[in-house]
Amino acid sequence: MKKWAELALGVVTSMGGFLEVGSIATGVQGGASFGFQLGWALLLGTICLAILMEATGRLAAVSGRSYADLLREHMGIRFFIVPLVAVLIPSFLVLVSEIGGVAIALQMATGIAFRWWAIPIALVGWFLLWRGTFSIVEQGTAMLGLVSLVFLVAVFKMHPEWSAIGAGLVPSRPDNDKAKYWYLAVSILGASISPYLYLFYSAGALEDGWTIKYLNVNRITAGVGNLFGGGLALMVLVGSAIVFMPRNIQVDAYEQISLVLATPLGRGGFVLFLVTLFITCFGATVEITLANAYLLAQGFGWPWSENMKPAKDARFATTYTVVILLACIPIALGADPLKLTNISMVISAASLPVTVIPLLVLMNDERVMTTHSNGWLGNIALGSIAILAVALFVLAAPLYHLGGG
Amino acid sequence: MKDGLDLRHDVQDAQLVDRNSENIGRCDALMLELRDGKPPRVATIVIGGAARNERIGRWMTGLARLFHGRGDGSDGVSRVPFSAMKTVGDTIQLDVRRGELPSEHVEQWLAEHFVCRIPGAQGKKERRK
């Protein structure tokens, strides 16, 4: 019985925590410009994320160590510094965007300009980290994040052609606007496969005390949970396609996105959009802040745990305090949240190789994985993601230049 | 299983813990002692930013100098004799106390002057479930 509860909790956590500023923004822009046609990018991104999370979760459950910890130990400091910087920069930008998402939700609810909300949001997020435990931070926000199921309700109410949605899951070439199409594909992939997600996940496995007995919980959480989450993100894209595409509306501000829910559900839909944007972005805000602190603490061997009193892991607690306060500054200065989100997703996509390729190495190291190292199927899967990651690294900047900026 | 200790794989960059199993950083460098008329031997485990920066490369030491001024390279660096090594496993346990290490001064300073001045720093957090 307890096992079932744990499985259900894992699925809910991945699903409720899936949507955030990046998946909402890129999904809506993709749907508005190309209908259901970019569904494949979301499916591909979700599958990649599920595979990466399963791997880092297995790594943590088998070795009792986090991915960042092993990355430093096995690759050495000279290499570690590269993924460290390559993860910190995009995750910081994504963090700023998440704070922007929360701030926009509050602006739409109150009429007070979003920049004034940046500091209060950072303080509330910080307070949650300072006082809360890991399960409050992770599961609490994910449970509330289930409000994002409203996108599924909205899409059902608009009676889409399900076969057309299915057809979008198969990659196809665009008829026009090629650069924009591929740029949006890259940003959807970047939003789905953020490095902070699997770094956070492997640290979380240790916070929750996972051992080798949790390999099944890991598989279900990473696999089923993410597929459900990806399904929700697909509903965002589909809803946007139905609402915006026939009206030929290009989405260039978060305010417009509320129409995806307000069109089928009216005033209630508008309110639920604000609640969804607020909760999902807030949940991501605290998780990314923690992910940055985990990465530094584990890489440099400091004491760390969200379950410890801040006095017991001072460098860790100081790090998340500084990170969340720094991240609210650009929004407080009035940076455009949507533009910031778009560029963050592209940089995030470009940063993938340095965390994906070493993972492939570690998953095959029997000193770490004992008898649970990757089989041929796992290696083909991770290897393909590594190739995709290199392609994204090469293509991200040119495509952003041609199709986005 | 191999015999002996592979310094590069098993010691360099490994997570170090003190007598009470608290994290005290990583093995940032290993130093050999050169002795007259005898073969050199591994003498110290070095923990701390300066040792780490040197391994990363010149650009990193340069960068660190920009931020810290002209340090003599000894600030915040712990040199623990190799003989203090108690066990080698996933982590390496050293027979030292966290409070004695110069490389842990930052942690203590932050705890005292920053973290503990904020209400709730010592407050209750539940153990993992």
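**Exercise 1. Determine whether Ser21(B) is buried or exposed, then place it in its hairpin.**

Step 1. Ser21(B) is exposed, with a relative accessible area of 52%. Buried means under 20% relative accessible area, exposed over 50%, partly exposed in between (1.4 Å probe, protein chains only).

Step 2. Ser21(B) sits in the loop between β1 (15-17) and β2 (23-26) of chain B. Helices (H or I, at least four residues) and strands (E, at least two) are DSSP runs, numbered from the N terminus.

Step 3. β1(B) and β2(B) pair in the antiparallel sense over two bridges. Two strands pair if DSSP finds at least two bridges between them. Gln15(B) has Arg26(B), in β2(B), as its bridge partner.

Step 4. The two strands form a hairpin with five residues between them, and Ser21(B) in the turn has a positive phi of about 60°.

This is a predicted model: local features need pLDDT of at least 70, side-chain atom pairs count only at pLDDT 80 or more, and totals for chains, interfaces and linings use all residues. Residues are numbered from 1 along each chain as its sequence is written, chains are lettered from A and ligands numbered from 1 in the order in which they are written, and side-chain values use heavy atoms, with hydrogens and water left out.

**Exercise 2. Find the phi of Asn248(A) and locate the residue.**

Step 1. Phi of Asn248(A) is positive, about 55°, although the residue is not a glycine.

Step 2. Asn248(A) belongs to the loop between α11 (215-244) and α12 (254-257) of chain A.

Step 3. Asn248(A) is exposed; its relative accessible area is 64%.

**Exercise 3. Check the span of α14(A) against its expected value.**

Step 1. Helix α14 of chain A (residues 314-332) has 19 residues. The expected span is 1.5 Å times one less than the number of residues.

Step 2. That gives 27 Å, and the end C-alpha atoms are 27 Å apart, which agrees.

Step 3. Of the 19 residues of α14(A), 14 are buried, so the helix is largely enclosed by the rest of the structure.

Step 4. Just after α14(A), Gly334(A) takes a positive phi of about 95°.

**Exercise 4. Describe the largest cavity and its lining.**

Step 1. The largest cavity has a volume of about 90 Å³. On a 1 Å grid over the protein atoms alone, a cavity is a set of points where a 1.4 Å probe fits but cannot get out; lining residues have an atom within 4 Å of a point. A volume is the space filled by probe spheres set on the points, which are joined across faces, edges and corners.

Step 2. Of the 14 lining residues, the closest to the centre of the largest cavity are Gly17(A), Thr280(A), Gly283(A), Ala284(A) and Glu287(A).

Step 3. α13(A) gives the largest share of this lining, five residues.

Technical notes. 1 Å grid on protein atoms, 1.4 Å probe; cavity = no way out; pocket = protein on both sides within 12 Å on 5 of 7 lines; lining within 4 Å. Nonpolar A, V, L, I, M, F, W, Y, C, P; charged D, E, K, R; others polar.
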